[in-house]
Amino acid sequence: MANREKNKKTLLELVKLPENSCCADCGAADPDWASCTLGIFVCLNCSGTHRNLPSVSRIKSIRLDFWDDELVQFMKANGNRAAKNLYEKFVPVFYYQPQPDDCEVLREQWIRAKYERMEFTEEKTERPYTAGVYEGMLWKKGKDNGQFLERKFVLSVHDFTLKYYKEDESKGPKATISVKDLNATFQPEKIGHAYGLQITYCVDDHTRNLFVYHKNGREIVNWFNAIRAIRHVYLKTAFPTASDGDLIPWITRSYLKEGYMEKTGPLDAIELGVVFIGSENHGYSVRECVPKGTRGNKWKCGVIVETPDRQFVFMCEQERDQREWVEALKTVISKPMMPQDYTSKIITLLIRCCLHRCGIALSHWHESPVCVKLV
């Protein structure tokens, strides 16, 4: 019993070390689990994926399970830093590394890529998602009937395009999409599939969305990283003096906040229905309000966005929505502006309304609330 308590104390001391204090796979704080075969400390969510890799990883609780001396010594000799140096030595700079709140397929394929397939232990000149051309079949949601049909997609670095085809490929692509304004984000709940991917792009100043999925988790994550690879090449070409650290956040962007708000006042003062959102240091701010003169609006919980040029007022249905939007907007405004913020003023990411690092894009749909996204 004394030896068991001693080993538990040692493990608890190890997990408090800076290099072990976050999950080895997603970065979540205070991991309570460990792989005694890989020598890493992981969170509860990531431990579930490790349990599905019994030939590679054996998971134990650092608080509840029995640890013998040999396993504790193995953990002391290894740890998250050593594992990172081995299993993540050659991760491509554009490759998406999941965060604690990311969807399951991103987490699973990252863990499998590292420990099962060992994709990043050796320097490889070419991986499937870095070949410059990536093509295959994806299930695409129809615009009219909402049914998913299998379509061929081709992503090419040579002309920086994503193309997809209908049944008869001899007629050419159904759509040719520039990667310049391309964004991709996993949306399993919205699409209704665990491997659902939303692809957003611009056509003639209007935002369009493709909703796709693949039945294989590895394949859809390969598509996601192939898009990121080509976006990275494009951004390096467009901004040759920018560092990778500056460009990586712009390869693809996830939504911080999504929902509906009513827009008060005229839209004709907004170029293309877009409002540039800068930093606090440049005169931008946001606050809650109960604005006057909004009797025509059904919703009464106001959000005021102040810019150096004018004031914009949005209305939320509930106080909870109001608080969440203000908090999300403050997160964006508090961040320093990147070089791309100055050179590319507007990036539209949604059909109806979108609020992201560069701005708010709006379009009026009769008198109904507009849909807003924050990325």
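A crossing of two helices is called left-handed if the near helix is turned anticlockwise from the far one by less than a right angle, and right-handed if it is turned clockwise. With that in hand, take a look at this predicted model, where H2 passes H5 in a right-handed crossing.

**The smaller set of strands**

Let's begin with the sheet that H2 sits on. Three strands make up an open sheet in the order E2-E1-E3, and their pairing is antiparallel. Strand E2 (40–42) and strand E3 (59–61) are the edge strands, each pairing on one side only. Going from one strand to the next, the twist averages 35°.

How many bridges join strand E1 to E2? There are three, and E1 (residues 33–35) runs antiparallel to E2. To find your way around that pairing, look for Ala34, which stands opposite Phe41 in E2.

Helix H2 (residues 44–51) lies across E1, E2 and E3, and its direction makes an angle of about 120° with E2.

**Two helix pairs**

H2 also has a helix for a partner: helix H5 (residues 104–116) packs with H2. Further along the chain, helix H7 (residues 217–238) and helix H8 (residues 244–251) make another pair. Here are the two pairs in brief.

| Helix pair | Angle | Axes | Crossing |
|---|---|---|---|
| H2 and H5 | about 55° | 10 Å apart | right-handed |
| H7 and H8 | roughly 130° | within 10 Å | right-handed |

Why are H2 and H5 called oblique to each other? Angles under 35 degrees count as roughly parallel, over 145 as roughly antiparallel, and 65 to 115 as roughly perpendicular, with the rest being oblique. The H2 and H5 angle of about 55° falls in that last group, so this pair is oblique. H7 and H8, at roughly 130°, are therefore oblique to each other too.

Which residues do the touching? From H2 come Asn45, Cys46, Thr49 and His50, and they meet Glu104, Arg107, Glu108, Ile111 and Tyr115 in H5. By class, that contact has three nonpolar, three polar and three charged residues.

In the other pair, Arg228, Arg231, His232, Leu235 and Lys236 in H7 meet Asp244, Leu247, Ile248, Trp250 and Ile251 in H8. Here the residues divide into five nonpolar, one polar and four charged.

**A salt bridge inside H5**

Two of the H5 residues that meet H2, Glu104 and Arg107, also have something going on with each other: they form a salt bridge, with their closest N and O atoms 3.8 Å apart. Both lie in helix H5, three residues apart, which is about one turn of the helix. Across the model, the count comes to 16 salt bridges.

**The seven-stranded sheet**

Now for the other sheet. Seven strands form an open sheet with the order E7-E6-E5-E4-E10-E9-E8, again with antiparallel pairing. At the edges are strand E7 (175–178) and strand E8 (183–186), each of which pairs on one side only. The twist from one strand to the next averages 35°.

At the E8 edge, four bridges join E8 to strand E9 (residues 196–203), and these two strands run antiparallel. Ala184 stands opposite Ile199 in E9.

Which helix lies across this sheet's strands? That's H7, which lies across strand E4 (133–141), strand E5 (148–156), strand E6 (161–165), E8, E9 and strand E10 (206–213). H7 runs at about 120° to E4. So H7 both lies across these strands and meets H8.

Key: Residues are numbered from 1 along each chain as its sequence is written. This is a predicted model: local features need pLDDT of at least 70, side-chain atom pairs count only at pLDDT 80 or more; totals for chains, interfaces and linings use all residues. Side-chain values use heavy atoms; hydrogens and water are left out. Two strands pair if DSSP finds at least two bridges between them. Axes are lines fitted to C-alpha atoms, for helices over the stretch in contact, and angles run from 0 to 180 degrees between N-to-C directions. Contact means heavy atoms within 4.5 Å. Ala, Val, Leu, Ile, Met, Phe, Trp, Tyr, Cys and Pro count as nonpolar, Asp, Glu, Lys and Arg as charged, and the others, Gly among them, as polar. A salt bridge is a side-chain nitrogen of Lys or Arg within 4 Å of a carboxyl oxygen of Asp or Glu.
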